[in-house]
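These are my notebook entries on a structure that I looked through one topic at a time. I wrote down what I looked up and what I found.

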Amino acid sequence: MSSRARVIVLNSALGPLDYRVPHGMSVEPGSVVVAPLGPRHLLGVAWEAERMPSDGEVGDNRLRNLLAVADVPPLRAPLRRLIEWTADYYLAPPAAVVRMALSSTAALEGGRSVVEYRATGHVPERMTAQREQALERIGDRQGLIRELATIADVSDAVIRGLVKAGALEGVPVDIDSPYPVPDPDHAPPTLSDDQRAAAATLVDGITAAAFRPTLLDGVTGSGKTEVYFEAVAAALRAGRQVLVLLPEIALTEPFLKRFHDRFGCEPVAWHSGLRATQRRRAWRAIASGEARVTVGARSALFLPYANLGLIVVDEAHETSFKQEDGVHYHARDVAVMRGLFEACPVILASATPAIETRHQVALGKYAEVKLPGRFGVAQMPTIEAIDLIAEPPERGRWISPRLVKAMEEAMERREQSLLFLNRRGYAPLTLCRTCGHRFQCPNCTAWMVEHRLTRRLACHHCGHIEPVPRLCPECQNEDTLVACGPGVERIADEVAALFPAARTAVVTSDTIWSPAKAAEFVARMEAGDIDIVVGTQLVTKGYHFPNLTLVGVIDADLGLDGGDLRAAERTFQQIRQVSGRAGRGAKPGHVYIQTHSPKAQVMQALITGDADAFYAAETEAREEAGAPPFGRYAAIIVSSEDQGAAHDIARTIGRAAPRVDGMEVYGPAPAPLAMLRGRHRFRLLVHARRALDVQDVIRDWLGALEWPAKVRVAVDVDPYSFL
């Protein structure tokens, strides 16, 4: 055992550091350790010295002693290789990636029970505004004092005061109690011939116990979940762990229910809505191998699984799998790499696979399993375009007469309707009709969005909110502010005016902000307590409502704005997905797409259902442009609170751009979102041929430059957002 250890400490500004291993302490690669750094104690992970070079190697006599080794299994070699690959590919500090693997610091501490707190219903004699706010926001939630203070947006002292006053009571929680074990033979489903053949292919992959990426390409409602559940069952029988990635926290609840029905208990959930004690319990159970199936958001990908036998990426086309801050990784691509390092199969399930995934299938790198038809008696819905120029809505309205008539008929048949508009709030822009003043966010280059439900103007980029003023701040006139354009709240108001008796639900990330809220919405839909749903892209995926027969897309052209290379593909995916919510039971479904350009290629593909022709044309256009997957992009984003400093550094980076055959550098230019969260932003775009190791070029290029601490330079490899 070496007396010296190379350690990646959880400080992204530092490279790997060397420490002395004291006599009697056992440290191996992957061990989670506590290391001194100046007067502080930092968590870190021991690493192979040859795989993680250090800039500042010193003699043994100058090394400081490691302080402790955490009582958890070391991070296994496949996870360490994944961390190295992610840091290298996405040009991120290794410490930032290691931090994602150690995402529950509580899990590294001893102690098997803690005290959480919940409301007793008792109202203290002395009520302050802060105490009132705390009790209102905590509601029926339970958590540690720090967590409740965060939820309530008050100090820890306010929470402690409520405990002392008897308004909150302590509840002992056993934080390492074992999870129930899913039973692969609990309730095997009845599969169609197509499903059985697809499941058999996926189960073969489990039996082979080798890396095998497979695209499970099935139309909406074809039973992809039931099919990959058979692969999950096979992995459970083989004694292996399974990870299922979902793109949205709101999808977790319906998935948990389906999983429970099939396997007799819920899987282990991992997402941002968990309490610290829940995260600790899940992390430890995953690391020990006790957690057999984990379902989670993209961050679940870096957890320390003891014995991973299968990874499933559900709705694998979803752009929300791309992380837009911190480490700019794409969970779909990293999942495939984790499968490679763990030597286990990876299933990418989607009704509308991304062009990048289709290209891998065409190259023979991914296998493909198809489910061409819906399960049972359900048929694909009929789709019609409504030309908004030929059939405009009434003045001041957004729903065309033909769609209104279809909604009336659905109501008469006691069937449910869904109106889709990918725009939260009431209106995307508020202006003064007297002087033309537009409400812009003070921190971002973005208009403030009116939310009537909360009577607020909100910025959807930085979260800044302010009340809707009575007077125009520019000309001081009263009652001159008007809302321009529709958001889902405005469509819901129109529905209420058209159908006063209808029971309407607005489904957006503002209203479905937790798995519990999602479960409540699903229960109301299934019970028939909702007639009309008005929702954003949150309702386009994963939900199965047999009585939902009508889907109306309010503005199909919305996603085509903005010059994004994936705009047409994303529009096709979203509308195809939302169309797939219609007619999933015995009743036939119908979809109306409101558009100003019904002849556009993407609209024609949606109406005729000819996805192959659309994808072929899109793929050809990408190939001609050398765009992904045929070429590579990387964005360099320079930001600072000082506009001049950001501009100067961006120009310095631009001037220093290397001349490399097969690589072009565009910019710098102000980002379309030129100011975000109070920081001025400039972008450079690197466009390179596929074979070029663009990461090495950027590493050398930026490594030779220096910039002041107030300027941030971020690199986004394979960018999805061009804002």
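Which residues does Thr536 touch, not counting residues up to four places away in sequence? I kept in mind that the model is a predicted one, and I found that Thr536 touches Phe420, Leu421, Asn422, Arg423, Arg424, Val488, Val507 and Thr508. I then looked up where Thr536 sits, and found it in the loop between strand E23 (532-535) and strand E24 (548-553). Thr536 counts as buried because its relative accessibility is 4%, and the cut-off for buried is under 20%.

Next entry: the nonpolar cores.

I looked up the largest nonpolar core, which has 84 residues, and noted that Leu245, Trp283, Val638 and Trp701 touch the most other members. Helix H2 (residues 94-101) gives the most to this core, with 6 residues. A second, separate core has 35 residues, and Ile383, Ile530, Val591 and Tyr615 are included in it. I added a general remark beside this, that nonpolar side chains in soluble globular proteins tend to be buried together.

I then followed Trp283 and, leaving aside its neighbours within four places in sequence, listed its contacts as Val72, Ala101, Leu102, Ser103, Ser104, Ala107, Leu108, Trp270, Leu303 and Pro304.

Next entry: the aromatic rings.

How many aromatic pairs does the structure hold? I noted 15 aromatic pairs, and I wrote out two of them with care. The rings of Phe302 and Tyr329 have their centres 5.2 Å apart and their planes at 85 degrees, so I entered the pair as edge-to-face, the cut-off for that being over 60 degrees. Phe302 lies in the loop between strand E11 (293-296) and strand E12 (308-314), while Tyr329 lies in the loop between E12 and helix H10 (331-342), so this pair ties together parts that are 27 residues apart in sequence. Are these two rings buried or exposed? Phe302 is buried, with a relative accessible area of 0%, and Tyr329 is buried as well, at 1%.

The other pair I wrote out is that of Phe572 and Tyr615, which is edge-to-face, with 5.6 Å from centre to centre and 80 degrees between the planes. Because Phe572 lies in helix H15 (residues 567-579) and Tyr615 in helix H17 (residues 611-625), the pair ties together parts that are 43 residues apart in sequence. Both Phe572 and Tyr615 are buried, and Tyr615 is also one of the residues I had noted in the second core. I also entered one aromatic cluster, formed by Tyr228, Phe229, Phe255, Phe259 and Phe263.

Next entry: the second largest pocket.

I looked up the volume of the second largest pocket, which is about 1200 Å³. It is lined by 46 residues, of which His271, Gly273, Leu274, Arg275 and Gln278 are the closest to its centre. Among the elements that give two or more residues to the lining are helix H3 (129-138), strand E7 (168-174), helix H8 (252-263) and helix H14 (515-526). The largest share of the lining, 6 residues, comes from H9. I noted that the lining divides into 20 nonpolar, 12 polar and 14 charged residues.

Last entry: a glycine in a helix.

I looked up Gly654, which lies in helix H18 (residues 643-655), and found that Gly654 touches Pro668 and Leu684, not counting residues up to four places away in sequence. The C-alpha atoms of Gly654 and Gly15 are separated by 27 Å, with their places 639 residues apart along the chain.

Definitions and conventions
Residues numbered from 1 in each chain as written. Predicted model: local features only at pLDDT ≥ 70, side-chain atom pairs only at ≥ 80, totals over all residues. Heavy atoms only, no water. 1 Å grid on protein atoms, 1.4 Å probe; cavity = no way out; pocket = protein on both sides within 12 Å on 5 of 7 lines; lining within 4 Å. Points joined across faces, edges and corners; volume = space filled by probe spheres on them. Helix = DSSP H or I, 4+ residues; strand = E, 2+ residues; numbered from the N terminus. Nonpolar A, V, L, I, M, F, W, Y, C, P; charged D, E, K, R; others polar. Core = buried A, V, L, I, M, F, W, Y, C linked by side-chain atoms within 4.5 Å. Buried < 20%, exposed > 50% of the residue type's maximum accessible area, 1.4 Å probe, protein only. Contact = heavy atoms within 4.5 Å. Phe/Tyr/Trp six-rings, centres within 6.5 Å; stacked < 30°, edge-to-face > 60°.
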